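Please open the structure in your viewer and keep the sequence panel visible beside it. The tour below proceeds by selections, each followed by a description of what is found there.

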Amino acid sequence: MIATFTGPNSFLLNLELRKHRDAFILDSGDLGYEIVDGEEADTQRITEAIQSLPFLAPKKLIVLKNPSAQKQFAEQIEGLLASVPETNDVILIEPKIDKRSSYFKVLKAKTEYKEFKVPDMYKLNNWVVQYAKDQEGSIDAGGAQYLVDRIGPNQQLLAVEIDKLLTHNHRISRDDIDSLTEPTPTSTIFELLDAAFAGRLKKVSQLYSEQRALKVEPQQIMALIAWQLHALALVKVAGERSVDDIASISKLNPFVIRKTQQLARQLTLAEVKDLINRALRLDVRLKTESIDADEALQHFLLTLT
């Protein structure tokens, strides 16, 4: 077996890798299991690992992490794959691959190619519910969506937070989520802008105050707003393109794109441009003038309606 694992979903990728590793060790022992990091090992070392016969074990399983970091390995990939003996299984871990490259085309054609994508919001919410159930706990669909909105789409981080919540209460509630988890900065900024566009001024003030209480400086908040506006502009210009197309071109997380689309539908392209220009002027003022940063930022947010 020669397989390629790729994609941004490190949680599912590592889960699949552990399944293969555990099955191999159970069947053949751990003497034949080897990990080689392409960031540290040269092409000769990688080649020796995949071509050498097993010693004191019936088979070998070699995991190559980012082997394309070695340019020579990537250039010789087709011949190297052909030289792997039948006693050896090889798994190539390549989180990011240029799909225009000949390296990608060889891996796609000559290996068991598995791409681990970030699930869409609906599937992610269902996964949260099922994961809590698998840990002998529970969370309802509304709570799952609330947790995802608060923490973000990283399944590894979500799993850690669910495990933590279940040690407190086997039935996870929104109150538990509020009291035992911290919202990610990007999710908070999205919520800030969403509340501002919706005219929920009290919510805007509350969220801003919460960020400042957490010692998030106004300059950091401004940087996150700029990042969100960048995503908003990309999504708005993309029009009716699919989420996957936008993600491929923009390199944004599909989860971020789907949430940003909700904002983009509320605004015209001219309004997005005006918003970016206003944010740019404010950013320049924050960096060049002695103004009250908190007052200026809150005024900017409160006038988005």
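The tour begins with the whole chain, then visits the strands, an aromatic cluster, two pockets and one helix residue.

**Stop 1: the whole chain**

Please note at the outset that this is a predicted model. Display the full chain as a cartoon: its secondary structure amounts to 16 helices and five strands. Along the principal axes, the C-alpha atoms occupy a box of roughly 70 × 45 × 40 Å. The chain has 305 residues, and 45% of them are buried.

**Stop 2: strands β2, β3 and β4**

Select residues 60-65, which form strand β3. Is this strand enclosed or open? Strand β3 is largely enclosed by the rest of the structure, because five of its six residues are buried.

Now add residues 33-37, strand β2; β2 and β3 are parallel and are paired over five bridges. Two positions show this pairing residue by residue. Val36 stands opposite Leu64 in β3, and Ile35 has Val63 in β3 as its bridge partner. To follow the chain from β2 to β3, show residues 43-51 as well: the path passes through helix α2, and this β-α-β crossover is right-handed.

Next, select residues 88-94, strand β4, which runs parallel to β3 and is joined to it by six bridges. Val63 may be picked again here, since its bridge partner in β4 is Ile91.

Return to β2 and show its side chains. In a regular strand, side chains alternate between the two faces of the sheet. Which residues of β2 belong to the covered face, and which to the uncovered one? Glu34 and Val36 form the covered face, while Tyr33, Ile35 and Asp37 form the uncovered face.

**Stop 3: an aromatic cluster**

The whole structure contains four aromatic pairs. Select Phe11 and Trp127, which form an edge-to-face pair with 5.4 Å from centre to centre and 75 degrees between the planes. Those two values are the usual terms of description, as a pair of aromatic rings is described by the distance of the centres and the angle of the planes.

Where in the chain do Phe11 and Trp127 lie? Phe11 is in helix α1 and Trp127 is in helix α6 (residues 121-134), so the pair links parts of the chain that are 116 residues apart. Are these two residues buried or exposed? Phe11 counts as buried at 9% relative accessibility, and Trp127 is also buried, with a relative accessible area of 18%; the cut-off for buried is under 20%. Add Tyr131 to the selection: ring pairs link Phe11, Trp127 and Tyr131 into a cluster.

**Stop 4: the largest pocket**

Select Gly7, Pro8, Glu115, Ala247 and Pro254, which lie nearest the centre of the largest pocket among its 31 lining residues. The space in this pocket is about 1000 Å³.

Colour the following elements to see where the lining comes from: α1 (10-28), β5 (112-115), α8 (155-168), α13 (243-250) and α14 (254-264) each give at least two residues. Which element supplies the largest share? The largest share comes from α13, with three residues. By residue type, the lining holds 11 nonpolar, nine polar and 11 charged residues.

**Stop 5: the second largest pocket**

The second largest pocket has about 440 Å³ of volume. Select Tyr146, Asp149, Glu191, Lys203 and Leu207, the closest to its centre of the 21 residues that line it. Two or more lining residues come from each of α7 (141-151), α10 (185-197), α11 (201-213) and α14. Helix α10 gives the largest share, five residues. The lining of this second largest pocket consists of six nonpolar, five polar and 10 charged residues.

**Stop 6: a residue in helix α15**

Finally, select Val284, which is located in helix α15 (residues 269-288). Val284 is partly exposed, with a relative accessible area of 44%. Select Thr6 too and draw a distance between the two C-alpha atoms: Val284 and Thr6 are 40 Å apart in space and 278 residues apart in sequence.

Technical notes:
Residues numbered from 1 in each chain as written. Predicted model: local features only at pLDDT ≥ 70, side-chain atom pairs only at ≥ 80, totals over all residues. Heavy atoms only, no water. 1 Å grid on protein atoms, 1.4 Å probe; cavity = no way out; pocket = protein on both sides within 12 Å on 5 of 7 lines; lining within 4 Å. Points joined across faces, edges and corners; volume = space filled by probe spheres on them. Helix = DSSP H or I, 4+ residues; strand = E, 2+ residues; numbered from the N terminus. Nonpolar A, V, L, I, M, F, W, Y, C, P; charged D, E, K, R; others polar. Phe/Tyr/Trp six-rings, centres within 6.5 Å; stacked < 30°, edge-to-face > 60°. Buried < 20%, exposed > 50% of the residue type's maximum accessible area, 1.4 Å probe, protein only. Pairing = 2+ DSSP bridges. Right-handed = clockwise from strand over helix to strand, strands pointing away.
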